[in-house]
Amino acid sequence: SLRDEDKQAILDANNNARLHKGDIEFQENPEYAMPKSTLEEVVGKLERTGHSVIPIMDRKSRLDGVYIHNPNNPHLVPPNTQITKVMVPLRTKDSNGIPYLINDENPEKIKEILSKEEKKFLPIVDKNMILQKIAFLQRFDTNYIGFTISTRGKWKEEIERFAAKRKES
């Protein structure tokens, strides 16, 4: 029952909000695990949430490292193994761990680091190493949309009119 202009406004707003390949997406308050958690507990969280990256944080919310799940490469350790044994630690001057940024959400800088490091995500922490959010590089275009039409009356003409307007925009 919407006018064509209103339908187009909804489609335009959706298109502007959609994530495009190469955009940076931030995840605030991600699911996390404690250092004493077992591999089995963390994999349970992964299965429940659908995530593949779980930050490992101490009781003061300081980031210790990240567990990255790859279902195609199962671990050769028992399920009761402490997660700190299989997580990837944060990068230090002496190690090649996970890179991170301190209080910086500049999309260009994030893209530069992710590209250089060939990573899919980048933790952002404050000066006390408390996780603020995780930046992810969008790999695909998302948020595809559709539209509804009336099944009464001149619905075929409405589809043709809508398709013609989409071609114009």
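Two strands pair if DSSP finds at least two bridges between them. Strands (E, at least two residues) and helices (H or I, at least four) are DSSP runs, numbered from the N terminus.

The model is predicted: local features need pLDDT of at least 70, side-chain atom pairs count only at pLDDT 80 or more, and totals for chains, interfaces and linings use all residues. Residues are numbered from 1 along each chain as its sequence is written, and side-chain values use heavy atoms, without hydrogens and water.

**Exercise 1. Work out the strand order of the 3-strand sheet, and name its edges.**

Step 1. Start with S2 and strand S3 (residues 63–68): 5 bridges join them, and they run antiparallel. Ile-56 faces Gly-65 of S3 across this pairing.

Step 2. Inspect the hairpin of S2 and S3. It has 5 residues between the strands, and Ser-61 there takes a positive phi near 70°.

Step 3. Go on to S4. S3 and S4 are antiparallel, with 2 bridges. Gly-65 has Pro-89 as its bridge partner in S4.

Step 4. Assemble. The order is S2-S3-S4, in an open sheet with antiparallel pairing. Strand S2 (53–57) and strand S4 (88–89) are the edge strands, each pairing on one side only.

**Exercise 2. Place helix H2 against the strands.**

Solution. H2 covers residues 39–49 and lies across S2 and S3. Its angle to S3 is about 70°. Such angles run from 0 to 180 degrees between N-to-C directions; axes are lines fitted to C-alpha atoms, for helices over the stretch in contact. Contact means heavy atoms within 4.5 Å.

**Exercise 3. Which strands stand at the edges of the 4-strand sheet, and what does that leave?**

Step 1. Read the order: S1-S7-S6-S5, an open sheet with mixed pairing.

Step 2. Find the edges. S1 and strand S5 (101–102) each have a single partner strand, so one side of each is left without a neighbour in the sheet.

Step 3. Check the S1 pairing. S1 and S7 run antiparallel and are joined by 5 bridges. Gln-27 is opposite Ile-134 of S7.

**Exercise 4. Find the non-glycine residues Asn-29 and Met-129 in their loops, and give their phi values.**

Step 1. Recall the rule. Most residues other than glycine have a negative phi.

Step 2. Take Asn-29. Its phi is positive, about 50°, and it sits in the loop between S1 and H2. Asn-29 counts as exposed (over 50% relative accessible area, 1.4 Å probe, protein chains only), because its relative accessibility is 73%.

Step 3. Take Met-129. Its phi is positive too, about 65°. Met-129 lies in the loop between strand S6 (121–125) and S7.

**Exercise 5. Describe the largest pocket and its lining.**

Step 1. Fix the term. A pocket is an open set of points on a 1 Å grid over the protein atoms alone, where a 1.4 Å probe fits, with protein on both sides within 12 Å along at least five of seven lines; lining residues have an atom within 4 Å of a point.

Step 2. State the volume: about 590 Å³. This is the space filled by probe spheres set on the points.

Step 3. List the lining. It holds 22 residues; Ser-52, Val-53, Lys-120, Phe-121 and Phe-136 lie nearest the centre. Strand S1 (24–28) and strand S7 (131–137) are the elements that give two or more residues. S1 gives the most, with 3.

Note on methods:
Buried means under 20% relative accessible area, exposed over 50%, partly exposed in between (1.4 Å probe, protein chains only).
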